[in-house]
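Please open the structure in your viewer and keep a selection tool at hand. The tour below proceeds one selection at a time, from the whole chain to single residues.

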Amino acid sequence: EDSEGHITEGSKSNVFFMKEGVLYTPPLFKVLPGITRLEIIACARDLGMTVREENIPAHGLHDYDAAF
């Protein structure tokens with residue numbers, strides 16, 4: 001969690017959330033730009049999924065269907 005209360009990433013990993021078929025992840029300027037992150041986003045888009053890079057408020061985690 002950052003100083004503004006948003007979920008950003010794990011200590012050595014990026015984080016992704018699903019809600020109603022949309023993949024959410026924090027914006028690139030807030031996380032480490034890793035190869036796995038790029039591949040997950042590319043795979044999701046190849047599958048026709050919408051990917052949204054936006055702040056993930058810690059107080060809203062209950063709104064998501066899944067996280068990985």
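Helices and strands are DSSP runs, numbered from the N terminus, with at least four residues for a helix and at least two for a strand. The coordinates belong to a predicted model, which should be kept in mind at every stop.

**The whole chain**

Begin with a cartoon of the entire protein, in which one helix and six strands are to be found, and follow the trace along the sequence to read the pattern β-β-β-α-β-β-β. The radius of gyration is 11 Å, close to the 11 Å that the globule rule gives for 68 residues, so the protein is as compact as a globular protein of that length. If you turn the C-alpha trace onto its principal axes, the spans come to about 35 × 25 × 15 Å.

Next, display the surface: the accessible area of the protein is about 4500 Å², and carbon and sulfur atoms account for 54% of that. Of the 68 residues, 34% are buried. Among the contacts between residues at least 6 apart in sequence, 60% join residues at least 24 apart. Colouring by charge brings up 6 positive and 11 negative charges, whose mean positions are 3 Å apart.

**The largest nonpolar core**

Now select Ile 7, Val 15, Phe 17, Val 22, Tyr 24, Ile 56 and Tyr 64 as side chains, since these seven residues form the largest nonpolar core. Apart from that set lies another core of six residues, including Met 18, Leu 23, Ile 41 and Val 51.

Within the first selection, centre the view on Phe 17, which belongs to strand E2. Is Phe 17 buried or exposed? With a relative accessibility of 6%, Phe 17 counts as buried, because the cut-off is under 20%. Leaving out residues up to four places away in sequence, Phe 17 touches Ile 7, Val 22, Leu 23, Tyr 24, Ile 56, Leu 61, Tyr 64, Ala 66 and Ala 67. A distance label from Phe 17 to Pro 27, drawn C-alpha to C-alpha, should read 13 Å for a separation of ten residues in sequence.

**Phe 16 and Arg 37**

Step back to Phe 16, which sits in the loop between strand E1 (6-7) and strand E2 (17-19) and is buried, with a relative accessible area of 2%. Which residues does Phe 16 touch, not counting those up to four places away in sequence? They are Leu 23, Tyr 24, Thr 25, Arg 37, Ile 40, Ile 41, Ala 66, Ala 67 and Phe 68. The C-alpha atoms of Phe 16 and Glu 53 are separated by 9.6 Å, although their positions lie 37 residues apart along the chain as a sequence separation.

From that list, select Arg 37, placed in helix H1 (residues 35-46) and likewise counted as buried, at 3% relative accessibility. The C-alpha atoms of Arg 37 and Phe 16 are 9.0 Å apart in space, with 21 residues of separation in sequence. Setting aside neighbours within four places in sequence, Arg 37 is in contact with Asn 14, Phe 16, Thr 25, Pro 26, Pro 27, Leu 28, Val 31, Leu 32 and Glu 53.

**Two loop residues**

Move to Thr 8, also to be found in the loop between E1 and E2, where a relative accessibility of 12% makes Thr 8 count as buried. Beyond its neighbours within four places in sequence, Thr 8 is in contact with Asp 2, Val 15, Pro 26, Lys 30 and Val 31.

Finish at Glu 20, in the loop between E2 and strand E3 (22-25), which is exposed, with a relative accessible area of 71%. What should be checked here is the backbone: most residues other than glycine have a negative phi. Glu 20, which is not a glycine, has a positive phi of about 50°.

Key. Residues numbered from 1 in each chain as written. Predicted model: local features only at pLDDT ≥ 70, side-chain atom pairs only at ≥ 80, totals over all residues. Heavy atoms only, no water. Rg over C-alpha atoms; globule rule 2.2 N^0.38 Å. Buried < 20%, exposed > 50% of the residue type's maximum accessible area, 1.4 Å probe, protein only. Contact = heavy atoms within 4.5 Å. Areas by Shrake-Rupley, 256 points an atom, 1.4 Å probe, with all protein chains shown as cover. Lys, Arg positive; Asp, Glu negative; His and termini not counted. Charge placed at Lys NZ, Arg CZ, Asp CG, Glu CD. Core = buried A, V, L, I, M, F, W, Y, C linked by side-chain atoms within 4.5 Å.
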